[in-house]
Amino acid sequence: MSTPAPSAASLYADHLAMLQARAATALERAGLEHLVIPSGTLHYQVFDDRDYPYAVNPQFKAWLPLTRNPGSWLIVTPGARPKLVYLQPRDYWHVVPEAPSGDWVEHFDIVVIRKPEDAQQHLPKNAARCAILGEPQSALGHYGAYKPNNPQAVVDHLDYHRAFKTPYELSMLREASRRAVRAHAAAERAFRAGASEFGIHLAYCQAAGQDANELPYGNIVALNEHAAVLHYTELGRLPPDPVHSFLIDAGASHAGYAADITRTYASDTGSEFQAMIEAVDAAQQAMVAQVRSGADYKQLHLDAHLALAGVLRDFGLIKVSPEAALATGVSAAFFPHGLGHGIGLQVHDVAGFAASETGGVIAKPAGHPFLRLTRVLEPGMVVTIEPGIYVIDMLLEDLKAAGHGDSIDQARIDAFRPYGGIRIEDDVVCTDDAPENLTRDAWAAENTI
């Protein structure tokens, strides 16, 4: 008889125990007694009474599935139950947070306050003995006594270990992936129906059940040449005529955890551009298969350049070997960003360059300044794999100026320019064996519905 899967409540309890152990070690190394984490504050626009969209402190939501609770505080003291100071204001202008509820509640001593400043009386008496993690605006007390100090020893330890996801966190990431994939499918349907970038974005948000401020990052919805702008977020109100291609880089959130997925589509599924999409997709899946314990992510990035240069050569955009393209910077003109990054509580998760739990930096490979992850992969890490090929005239001009114009075929580049570019991105878990592809698994489940 098979063993039943752990319940969500037991996964969360184990996750919390792991965080408490990490906090105890971090505090001991810093010579401090308490970990104090504000949830964050609302920021008001200058000369106005409108606030900017609230973003919860990632250090706070690591412990609690609370993402819309500004003004609250968490206090962790080794050997004691963690305390949550929960702001539930008297307010008839805005929706007030509901009373605390859920599997997490039983693990905390909870104090409800009505005013943000009331939190101070529930914090440790000596702020100097506290590691206070957060943004500078999250301060309490006269002269900012309880102002985040972000001790480096504490931050280094907690951030380093945040790369290793607990089973609870993996379950949250799977759910975020399912939500994002459902929205991606709706976005493709809108594209095929002739919608504008703005219309596709709205279809995505509707299917995700999240508005722009709830998504983990601003949707990249790019038709035609716009796909060559790596962080294109303008959202044109009218579709171009004709429509050649569609690139969407969009995610979803669940309990504070993020999904990050990119897909590219051709209007004409019998076109040469469709064939190039399929070639990049095949290369990307081979890269995903290399997400193994002990793999150096820097080398995966360099290997991705070789694979994509092979695609570029096969389709006639470059004339040199993949090895020569990598060595001379030709491949970087078409693939200027990194292979990917860590993902979890943040889309670009912390400690991508951390040499150890006590600090230090693992340098990026020379000539690859935009790589966001240089660590050796270990079980529990979750990373994105997102190779791309683009026609970016600025970079091609730089390539020619550097004396490598004879390495490219301008006529073939001109033929692909109207399509902008291709990017395929999955979220992948490193395990002791074959990787778990959160994105493809979610897509397989979506296709069976």
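Is D109 buried, partly exposed or exposed? Its relative accessible area is 36%, so D109 counts as partly exposed. Keep in mind as you look through these close-ups that the model is predicted.

**View A. R81 and D109 pair up in a salt bridge.** The closest N and O atoms of R81 and D109 are 2.9 Å apart. This pair links distant parts of the chain, 28 residues apart. R81 sits in the loop between strand 2 (73–76) and strand 3 (83–87), while D109 belongs to strand 4 (residues 109–113). R81 comes out at 42% relative accessibility, so R81 is partly exposed.

**View B. A salt bridge joins the side chains of R29 and E357.** Here the N to O distance is 2.6 Å. Look at where the two partners come from: R29 is in helix 1 (residues 8–30), and E357 is in the loop between strand 9 (354–356) and strand 10 (359–361). Because of that, the pair ties together parts that are 328 residues apart in sequence. R29 has a relative accessible area of 43%, so it's partly exposed. E357 is partly exposed as well, with a value of 23%.

**View C. R192 and E188 meet within one helix.** Both residues lie in helix 4 (residues 167–192), four residues apart, and that spacing is about one turn of the helix. Their side chains form a salt bridge, at 3.4 Å from N to O. R192 is partly exposed, with a relative accessible area of 38%. E188, at 24% relative accessibility, is partly exposed too.

**View D. Four residues share a salt-bridge network.** R263, D281, D426 and R440 are joined into one network by salt bridges that share partners. For the whole model, the count comes to 18 salt bridges.

**View E. S253 is tucked into strand 7 as a buried residue.** The strand covers residues 245–254. Why does S253 count as buried? Its relative accessible area is 16%, and buried means under 20%, so S253 makes the cut. A polar atom of the S253 side chain lies 3.1 Å from the backbone oxygen of E214. Leaving out residues up to four places away in sequence, S253 touches A176, R179, Q210, E214, L215 and P216.

**View F. This is the second largest pocket, with a volume of about 480 Å³.** It is lined by 21 residues, and the closest to its centre are L230, H231, H348, R372 and E386. What classes make up the lining? There are seven nonpolar, eight polar and six charged residues.

Terms used
Residues numbered from 1 in each chain as written. Predicted model: local features only at pLDDT ≥ 70, side-chain atom pairs only at ≥ 80, totals over all residues. Heavy atoms only, no water. 1 Å grid on protein atoms, 1.4 Å probe; cavity = no way out; pocket = protein on both sides within 12 Å on 5 of 7 lines; lining within 4 Å. Points joined across faces, edges and corners; volume = space filled by probe spheres on them. Nonpolar A, V, L, I, M, F, W, Y, C, P; charged D, E, K, R; others polar. Helix = DSSP H or I, 4+ residues; strand = E, 2+ residues; numbered from the N terminus. Buried < 20%, exposed > 50% of the residue type's maximum accessible area, 1.4 Å probe, protein only. Polar contact = N/O pair within 3.5 Å; in protein donor to acceptor, adjacent residues only side chain to side chain. Contact = heavy atoms within 4.5 Å.
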